[in-house]
Amino acid sequence: MRAPYGSGPLAPAVLAVRGAALLLALVALAHTLVHGLAEPGLALVFGLLVAAGELIRRDAAAGEREPAPLAAAGALAYALLGDSAGRPTTHGALQVIAVVVVAQVLAAVPRGACGRGTDADRAARRTLTVGFAAVCFQPLYASGQAERWFGDGPWFPLFPLTVLALTALCDTVLAALLARSAARAEGPGALPPYGSLLVDEVRALAGTGTAIGVTGVVTALGVAVAGPWAPAVLCGPLLLTQVSARRYAAVRTTCRQTMASLARATEIAGYTPSGHARRVAALATAVGRELGLTGPRLTVLEHAALMHDIGQLSLVDPVAGGATALLPAAEQRRIALLGGAVVRRTGAGPAVAAVVERQADPYREQPLAARIVRTVNAYDDLCGEGVGGPLGALEQLRLGTGHDHQPQVVEALGRVLARGGLTPAGAG
C-alpha cells in the first residue's frame, strides 16, 4: 500500500473495496449481536491478539505490504480455527469477521488519540481477506465436508493450507487494486500497469507474507490441540520478526533521507536547477513501472535517479543549467564515475552505484535502470534548455535512439507524459 489518499475524490475501486468491507462488517456485527457471542473466551483471545498487533504496528510507508503481521496472523488463525483442545468450535464465519472488525476499531481509538492515524483501506482489505478465509473454511469444516475430502489424519492440514493459498491470492488482487488506485491519486503520469503491481504483490508473499500465513495456520492447529493458550507461544517468533522489521524500516528511512539530502546538495550549490533530482526520480520511477519494473528493482531505480547528478559536485565550474546531457560523452562518463564513487560511500548499495556509474554509457551496454535514468535526465535537461518544450524534448530524444537512448524507454516516457499531460521541467 502507498501513502494515504489526499482530499480529492476516491477512485471507484477504493469506494468498492471500502463499501464491500463496510457491508460485510455490518452484516457480521448484526448477526453476532442477534445470535450472541459463541465461545467468548476464544473470541477474547484472538480479539486481543489482533488489537495488540494493530497497536504495535509501525506506520505504513510507501510500498509497505503489511506493517502489522501479528494482527494479520491472529485474524487469519481465527478464521482457520476448527477445534479448541480437541473440541469442535461453533463461532462461524460471521463471528470471525465481527471480532476482527471490533479489534481493529478498538486499536484505532488509542492510535488516533496519539495522532498516529489509521489506514481505512488497509482495514477494509483485511476485513475482506479474513472474511474470504472464514467463508471458505468455517462452513466446510462445520459440515464435515473438509474431513470427508482430506480425512482426519496427517493429510488434514492440506485443507487450511489450501484455503491459505486462495486467501493469499485474494489479498494480492485487492492489494494491487488499491495500490493502482493510490498511484492514480498521485497523478495520471504515475499510473503503473496493474499486471506489474500484481506481480510485485505476489513476489512479496515470499517474505513476510509467508511468515504470516504459516503462523496463522500453525496457530490454528496449535489451538486445536493445546487450547487457547497456544497463540501466546506460537506468535512469539512473528512478534520478534515485527520488531526487527520495524528497526529495518527505520534504517531504510534514514538511508533514503540521506540520499535525498545529498541529491539536494547539487541544487543548493547551484550545480543543478531546483527540483531537478526530485523530478527525475519521480518520472524515472513512473517509466520503470511502465516497463514492468517492480519491488527492489524499482527501488534501485528511484535511488539512482535521486543521486544521478551527485558527481557534479567534483566540477570546478558548474555546467550551465546542470544540463549534463549536453556535455561531451567523455565528460558525462567522468561525472558519472565520480558520482558512483560517492554513492558507494553512502550505504545505498552497489546496485544503485552501478546505475549511477553507467548512466552515461551507450544504452546497449547499460542495464535497464541506467537507460531510464539517462533518458529521463536528458528529457528534463532538454526541457530546461528551451528546445521547444516537452514535445521538442521528446523529439530530440527520438532522434538520439540510434546511440544514446533505447527506443522502448523513450516511448514509455512518452506514454507516461501523455497520461499526465506534457508538463515542462520545473513545474511542480
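Is Val 243 buried, partly exposed or exposed, and what is its relative accessibility? Val 243 counts as partly exposed because its relative accessibility is 38%, where buried means under 20% relative accessible area, exposed means over 50%, and partly exposed lies in between (1.4 Å probe, protein chains only).

The model is predicted, so local features need pLDDT of at least 70 and side-chain atom pairs count only at pLDDT 80 or more, whereas totals for chains, interfaces and linings use all residues. Residues are numbered from 1 along each chain as its sequence is written, and side-chain values use heavy atoms, with hydrogens and water left out.

Val 243 lies in helix α10, residues 236-268; helices (H or I, at least four residues) and strands (E, at least two) are DSSP runs numbered from the N terminus. Together with Leu 55, Ile 56 and Leu 239, Val 243 forms a nonpolar patch on the surface, with about 270 Å² of accessible area in total.

For "transmembrane region", an unreviewed UniProt entry lists residues 92-111, 123-142 and 154-179; such annotations may be inferred rather than shown by experiment. The end C-alpha atoms of residues 123-142 lie 27 Å apart, and this span is 100% helix and 0% strand. For residues 154-179 the corresponding distance is 39 Å, with 85% helix and 0% strand.

The second largest pocket holds about 410 Å³ of space. Of the 20 residues that line this pocket, the closest to its centre are Gln 104, Ala 120, Ala 123, Ala 124 and Thr 127. Helices α1 (12-35), α4 (92-113) and α5 (120-142) each supply at least two residues of the lining. A pocket here is an open set of points on a 1 Å grid over the protein atoms alone, where a 1.4 Å probe fits, with protein on both sides within 12 Å along at least five of seven lines, and lining residues have an atom within 4 Å of a point.

Two residues other than glycine have a positive phi, as tabulated here.

| Residue | Phi | Loop | Relative accessibility |
|---|---|---|---|
| Glu 39 | near 50° | between α1 and α2 (40-55) | 23%, partly exposed |
| Ala 85 | near 55° | between β1 (83-84) and β2 (87-88) | 41%, partly exposed |

Val 409, which lies in helix α17 (residues 407-420), is buried, with a relative accessible area of 1%. Val 409 and Gly 288 are 121 residues apart in sequence, yet their C-alpha atoms are 8.7 Å apart in space.

Note on methods
Patches are made of residues with over 30% relative accessible area and no salt bridge: like charges are joined within 9 Å, nonpolar side chains (Val, Leu, Ile, Met, Phe, Trp, Tyr) within 5 Å. Accessible areas come from the Shrake-Rupley method with a 1.4 Å probe; for residues, only the protein chains shown count as cover. A salt bridge is a side-chain nitrogen of Lys or Arg within 4 Å of a carboxyl oxygen of Asp or Glu. Grid points are joined across faces, edges and corners, and a volume is the space filled by probe spheres set on the points.
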